Amino acid sequence: MAEILVYVDHVDGAVRKPTLELLTLARRIGEPVAVALGNGAADTAAVLGEHGAVRVLTAEAAEFADYLVVPKVEALQAAYEAVSPAAVLVPSSAENKEIAARLAVRIGSGIITDAVDLEAGAEGPVATQSAFAASYTTKSRVSKGTPVITVKPNSAPVEAAPAAGAVEALAVTFSEKAHGTKVTSRTARESTGRPELTEAAIVVSGGRGVNGAENFAIIEALADSLGAAVGASRAAVDAGWYPHSNQVGQTGKSVSPQLYIAAGISGAIQHRAGMQTSKTIVAINKDAEAPIFDLVDYGVVGDLFDVVPVLTQEVQARKG
């Protein structure tokens, strides 16, 4: 069976959920070979093996942390040349899509970004994407070279599938280009205790209808009762009510959770572009004509200041 290269997204050896989802998809089309880079790379092997990686190629070097993108591209290229895979899968994020694009250029291959599903095809992997603000669903495959495909979080279930997970050292020689852009400082993100927005199974978002930064506490309370991430519309972010890092939409982040709750969000096209692939969508809005209701699975016409606190209380009561 052909081998499928899977780029591992991890933090000091802790494997992030989108990578485990990629292993599920990789097993549909071949045997997953994981590539883990940076501090703690070898520590990822046990978890990766439990989820189907037959081999784990690891490389730890200061360049991965000290310089932007290119060292990771060169390491992934080295893995590609060592394995000769049938496809390369990468978790979708701003940085990872740049890594994938640079790799595709280097190996002379086509690239598909932000896939939401993957299946085996007679002429190579077939990727499903949402196009034009999720108004259309497309199926496509790379027709030149080895497919490089980035996949959005929450596109597949995490499934245990024990495999060898044998650790192998990956030899990487860095070029002069790898040292072109040096990281001079870092600021740790303040932890909220909530899931990462793009990886969360549930997202609760507030919009213009929240009517002030102080009122986002209502949105946060519902999110916390559900173990959810908090999102915001562009209108709420532009008004300074919530950080840009939590913006969902075309100019913010794209999310695809199992459940998306939109409170006080009208449903402008740029917001819909970032959340239309959510599995179940619930909207709360006092305007019965709001465009968001054309999209949802369940809609509540009502004032969010009346509906959301009651919903929060009901969730807490059911949790006991």
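**Helix 9, two nonpolar cores and some well-placed side chains**

In this predicted model, the outward side of helix 9, the one turned away from its buried residues, carries Asp306, Val310, Gln313, Ala317 and Arg318, which are exposed. On the inward side sit the buried residues Leu304, Val308, Thr312 and Val315. Looking down the axis of helix 9, these buried residues fall within an arc of 65 degrees, so they line one face of the helix. That fits a general point: an α-helix has 3.6 residues a turn, so residues three or four places apart point the same way. As for partners, the buried residues of helix 9 pack against helix 6 (216-226), strand 14 (259-263) and strand 15 (280-285).

The length of helix 9 also works out. It runs over residues 304-319, and at 1.5 Å a residue those 16 residues should span 22 Å; the end C-alpha atoms are 22 Å apart, which agrees. Asp303 caps the N-terminal end, with a side-chain oxygen 2.8 Å from the backbone nitrogen of Phe305. After the helix comes Gly320, with a positive phi near 80 degrees.

Turning to the nonpolar cores, the largest one has 28 residues, and Leu5, Val35, Leu37, Leu76, Val88 and Leu170 are those with the most contacts inside it. Strand 1 (3-7), strand 4 (31-37), strand 5 (55-59), helix 4 (70-83), strand 6 (87-91) and helix 5 (94-107) each give two or more residues to this core. Helix 4 supplies the largest share, eight residues. Val35 gives a good view of the packing: leaving out residues up to four places away in sequence, it touches Leu5, Val6, Tyr7, Val8, Leu57, Leu76, Ala79 and Leu170. Apart from this core lies another, of 27 residues, among them Val15, Leu89, Leu118 and Ala156.

Helix 1 (residues 17-29) is worth a look too. Of its 13 residues, 10 are buried, so helix 1 is largely enclosed by the rest of the structure. The buried set is not just aliphatic side chains: it includes Thr19, Glu21 and Thr24 alongside Leu20, Leu22, Leu23 and Ile29.

His10, in strand 2 (residues 10-11), is buried as well, with a relative accessible area of 13%. Its side chain makes polar contacts with the backbone of two residues. It reaches the backbone nitrogen of Gly13 at 3.0 Å, and a polar atom of the His10 side chain lies 2.7 Å from the backbone oxygen of Leu37. Leu37 is also among the residues with the most contacts inside the largest nonpolar core. Not counting residues up to four places away in sequence, His10 touches Val15, Arg16, Leu37, Gly38, Asn39, Gly40, Ala41 and Thr44.

The aromatic pairs come to two. One is edge-to-face: Phe64 and Phe174 are 5.5 Å apart centre to centre, with 75 degrees between the planes. Phe64 lies in helix 3 (residues 63-66) and Phe174 in the loop between strand 11 and strand 12, so this pair ties together parts that are 110 residues apart in sequence. Both partners are on the buried side of the 20% cut-off, with Phe64 at 7% relative accessible area and Phe174 at 19%. The rings of Phe216 and Tyr242, in turn, have centres 4.5 Å apart and planes at 25 degrees, so that pair is stacked. It joins Phe216 in helix 6 to Tyr242 in the loop between helix 7 and strand 14, 26 residues apart. Phe216 and Tyr242 are both buried.

Finally, a few loop residues stand out. Most residues other than glycine have a negative phi, yet Asn154 has a positive one, near 65 degrees. Asn154 sits in the loop between strand 10 (148-151) and strand 11 (166-169), and at 6% relative accessibility it counts as buried. Asn211 likewise has a positive phi near 65 degrees and belongs to the loop between strand 12 (202-206) and helix 6. Asn211, however, counts as exposed, at 53% relative accessibility. Ser233 is found in the loop between strand 13 (229-232) and helix 7 (234-238) and is buried, at 6% relative accessibility. Setting aside neighbours within four places in sequence, Ser233 is in contact with Gly206, Gly207, Arg208, Gln247, Ile265 and His271.

Technical notes
Residues numbered from 1 in each chain as written. Predicted model: local features only at pLDDT ≥ 70, side-chain atom pairs only at ≥ 80, totals over all residues. Heavy atoms only, no water. Helix = DSSP H or I, 4+ residues; strand = E, 2+ residues; numbered from the N terminus. Expected span 1.5 Å × (residues − 1). Buried < 20%, exposed > 50% of the residue type's maximum accessible area, 1.4 Å probe, protein only. Arc of directions from axis to C-beta. Contact = heavy atoms within 4.5 Å. Polar contact = N/O pair within 3.5 Å; in protein donor to acceptor, adjacent residues only side chain to side chain. Core = buried A, V, L, I, M, F, W, Y, C linked by side-chain atoms within 4.5 Å. Phe/Tyr/Trp six-rings, centres within 6.5 Å; stacked < 30°, edge-to-face > 60°.
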